[in-house]
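This report describes the fold, the cores and selected residue environments of one protein chain. The sequence and the structure are shown first.

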Amino acid sequence: MLSYPIGSSGQSICFAPEVLAHFHRHRQTRWYHREAGGQLFATTAGLVLTIVEATGPRRSDRRTRVSYVPNRAAEASEIADQQTRGRVFVGDWHTHPESVPNPSPLDQRSIQECFRKSTHGLNGFLLVIVGLAEFPDGLLVSVSDSERTHVLHPYS
């Protein structure tokens, strides 16, 4: 299981093996692969937030080699469904066709806007970008509030 400490809070984020396999399956390893993405859902136990589900991509999403626009109505439905299963929406993920991914200014604005416009009790939303390199190098994990994005680094 891949884990990331959240600053000096004592909290950490862990990714279930199934979630990492989902990310790995959607990497853009061929020139014709379009960006993929979806939402992240978690359960909590003490100070550990475990990402147990990564949804998407959906047929109704708009995808190109370098862009991903999710179907917002489908996302709202997923959130309602996951809440009935005791899971909390914690953020989004998508792929980039680069070895070690970096968030674009649009990526940062988008997750910050999502944080601002959503009703929740979280201190930040996760943004995960999946690149081409093997994990953890090919995985950018960040936490964003309404103004800032903080890149997290895995436990070594």
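## The environment of Ser-146

Leaving aside residues up to four places away in sequence, Ser-146 touches Gln-112, Phe-115 and Arg-116. The model is a predicted one, and in it the C-alpha atoms of Ser-146 and Arg-116 are separated by 5.5 Å, although these positions lie 30 residues apart along the chain. Ser-146 belongs to the loop between β9 and β10 (149-152).

Is Ser-146 buried, partly exposed or exposed? Its relative accessible area is 24%, so Ser-146 is partly exposed; the limit for a buried residue is under 20%.

## Overall architecture

The chain contains 3 helices and 10 strands. Read from the N terminus, these elements follow the order β-β-α-β-β-β-β-α-β-α-β-β-β. Taken along the principal axes, the box filled by the C-alpha atoms is roughly 40 × 35 × 30 Å. The radius of gyration is 14 Å, which agrees with the value near 15 Å for a compact globule of 156 residues.

Of the 156 residues, 44% count as buried. The exposed surface of the chain comes to about 8400 Å², of which carbon and sulfur atoms supply 52%. Among contacts with a separation of 6 or more, 63% are made by residues 24 or more positions apart.

## Nonpolar cores

In soluble globular proteins, nonpolar side chains tend to be buried together. The largest nonpolar core here has 23 residues, and the members that touch the most others are Phe-15, Phe-23, Leu-40, Ile-51, Val-128 and Leu-139. At least two residues of this core come from each of β1 (2-5), β2 (12-15), α1 (17-25), β3 (37-45), β4 (48-54), β7 (88-95), β8 (125-130) and β9 (139-144). Another core, of 9 residues, lies apart from it and includes Phe-89, Ile-111, Phe-125 and Leu-127.

Leu-139 illustrates the connections made by a member of the largest core. Not counting residues up to four places away in sequence, Leu-139 touches Leu-2, Tyr-4, Leu-20, Phe-23, Pro-101, Val-128, Ile-129 and Val-130.

## The two sides of helix α1

Val-19, Leu-20, His-22 and Phe-23 are the buried residues of α1. They lie on the same side of α1, because they cover an arc of only 155° around the axis. Glu-18 and Arg-25, on the other side of α1, are exposed.

## Aromatic pairs

The structure holds 7 aromatic pairs. The rings of Tyr-4 and Phe-15 form an edge-to-face pair, because their planes stand at 85° with the centres 5.9 Å apart; planes over 60 degrees apart count as edge-to-face. This pair links distant parts of the chain, with Tyr-4 in strand β1 and Phe-15 in strand β2, 11 residues apart. Tyr-4 and Phe-15 are both buried. Tyr-4 and Phe-15 also belong, with Phe-23 and Trp-93, to one aromatic cluster.

How are the rings of Phe-89 and Phe-125 arranged, and what are the distance of their centres and the angle of their planes? With centres 5.2 Å apart and planes at 80°, Phe-89 and Phe-125 likewise form an edge-to-face pair. Phe-89 lies in strand β7 and Phe-125 in strand β8, 36 residues apart, so that distant parts of the chain are linked. Phe-89 and Phe-125 are both buried.

## Leu-152 and strand β10

Leu-152 is located in strand β10 and counts as buried, with a relative accessibility of 9%. The C-alpha atoms of Leu-152 and Ile-6 are separated by 6.8 Å, while the two residues are 146 residues apart along the chain. Apart from residues up to four places away in sequence, Leu-152 touches Tyr-4, Pro-5, Ile-6, Ile-13, Val-141, Ser-142 and Val-143.

## Cis peptide bonds

Gly-56 and Pro-57 are joined by a cis peptide bond with omega about -5°. Pro-57 lies in the loop between β4 and β5 (62-63). A cis peptide bond also joins Phe-135 and Pro-136, with omega about 15°. The location of Pro-136 is the loop between β8 and β9.

Note on methods
Residues numbered from 1 in each chain as written. Predicted model: local features only at pLDDT ≥ 70, side-chain atom pairs only at ≥ 80, totals over all residues. Heavy atoms only, no water. Core = buried A, V, L, I, M, F, W, Y, C linked by side-chain atoms within 4.5 Å. Buried < 20%, exposed > 50% of the residue type's maximum accessible area, 1.4 Å probe, protein only. Helix = DSSP H or I, 4+ residues; strand = E, 2+ residues; numbered from the N terminus. Contact = heavy atoms within 4.5 Å. Arc of directions from axis to C-beta. Phe/Tyr/Trp six-rings, centres within 6.5 Å; stacked < 30°, edge-to-face > 60°. Rg over C-alpha atoms; globule rule 2.2 N^0.38 Å. Areas by Shrake-Rupley, 256 points an atom, 1.4 Å probe, with all protein chains shown as cover.
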